[in-house]
Amino acid sequence: MELTKLAATSRVLGKSRDNARLRKEGKIPAVYYGKGQESVNISVSAIDVRKVLAPGKRYTLLDLEIDGKAGNAAVIYNYQKNPLTQEIEHIDFLKIDDASKVKVRVLVKLSGLPVGVKTQGGTFAQQNRYIQLAAVPSKIPAVLEMDISDFPAPTTFYAKDLKLEDGIELACKPRTVIFTITAKSGKKAEEAAAAEAPAAEAK
């Protein structure tokens with residue numbers, strides 16, 4: 001599996017003022033843990049973390065280089081933000097391996113103008129831009145792309161309708177709505193028909 005390197009520095013678990021000092025230095029206190037190993041207290045650069053958490057990269061597979069030593073495969077499992085500044089204050093890095101499935105939140109990218117909107121006058125709405133999946137690290141997609149050009153009105157597209165590769169499973173409710181295309185209301189349909197009639201007579 002392809003990993004993105006992220007430099008980390010080991011730290012001794014201390015008092016809250018020690019964490020405050022790290023944050024002033026532009027670093028984020030963190031912990032790296034997982035099955036078969038003891039938890040390791042580390043710190044990482046806030047700038048580097050922002051790059052990892054950029055849109056569409058929330059579950060980038062990482063190689064934590066702790067004190068310059070690589071080979072620590074991880075994914076960001078959880079993080080806490082300051083409620084006022086929205087700055088990240090702490091991160092949990094979860095150890096991963098090729099054989100264990102991890103739950104991830106993946107971007108659903110829709111493209112195309114649905115026929116239900118283009119020619120049938122319906123209204124499109126994407127209800128969920130991210131979907132939870134479970135897969136081994138090598139199978140985790142960076143994004144799920146889908147062309148919705150051929151969908152008519154009305155349509156309700158659920159998570160269970162997604163075409164997933166072998167080895168990838170849904171980790172959310174099957175009837176989680178991805179997008180909807182609602183049909184034109186009766187009144188609007190009548191108004192549209194009335195508007196089209198004179199044009200048809202003029203031909």
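Okay, let's start with one residue: leaving aside its neighbours within four places in sequence, N82 is in contact with E87 and E89. Keep in mind that this is a predicted model. So where does N82 sit? You'll find N82 in the loop that runs between β5, residues 73–81, and β6, residues 88–95. And is N82 buried or exposed? Its relative accessibility is 18%, and the cut-off for buried is under 20%, so N82 counts as buried. Its side chain also has a partner in the backbone: the side chain of N82 reaches the backbone nitrogen of T85 at 3.1 Å.

Right, on to the nonpolar cores. The largest nonpolar core has 24 residues. Inside that core, the residues with the most contacts are I131, L133, L144, M146, L162, I178 and F179. Which elements give two or more residues to it? Those are β5, β7 (102–111), β9 (130–135), β10 (143–147) and β13 (177–182). Of these, β7 brings the largest share of the core, with five residues.

Let's pick L162 out of that list. Setting aside neighbours within four places in sequence, L162 is in contact with I131, L144, M146, F157 and I178. There's another core too, lying apart from the largest one; this other core has 18 residues, among them A8, I42, L62 and I88.

Hang on to F157, since we'll meet that residue again with the aromatics. How many aromatic pairs are there? The count comes to four. Take F151 and F157: their ring centres are 5.6 Å apart and the planes stand at 85°, so this pair is edge-to-face. F157 itself is buried, with a relative accessible area of 6%. F157 pairs with F179 as well, and that pair is stacked, at 5.1 Å centre to centre with 10° between the planes. Now, F157 is in strand β11, residues 155–158, while F179 is in strand β13, so the pair ties together parts that are 22 residues apart in sequence. Both of these residues, F157 and F179, are buried. Zoom out a little, and ring pairs link F124, F151, F157 and F179 into a cluster.

Last stop: charges over rings. R105 lies over the face of Y130, at 4.1 Å from the ring centre. Then there's R175, whose charged end sits over the ring of Y158, 4.4 Å from the centre of that ring.

Notes
Residues numbered from 1 in each chain as written. Predicted model: local features only at pLDDT ≥ 70, side-chain atom pairs only at ≥ 80, totals over all residues. Heavy atoms only, no water. Helix = DSSP H or I, 4+ residues; strand = E, 2+ residues; numbered from the N terminus. Buried < 20%, exposed > 50% of the residue type's maximum accessible area, 1.4 Å probe, protein only. Polar contact = N/O pair within 3.5 Å; in protein donor to acceptor, adjacent residues only side chain to side chain. Contact = heavy atoms within 4.5 Å. Core = buried A, V, L, I, M, F, W, Y, C linked by side-chain atoms within 4.5 Å. Phe/Tyr/Trp six-rings, centres within 6.5 Å; stacked < 30°, edge-to-face > 60°. Lys NZ or Arg CZ within 6 Å of the ring centre and 35° of its normal.
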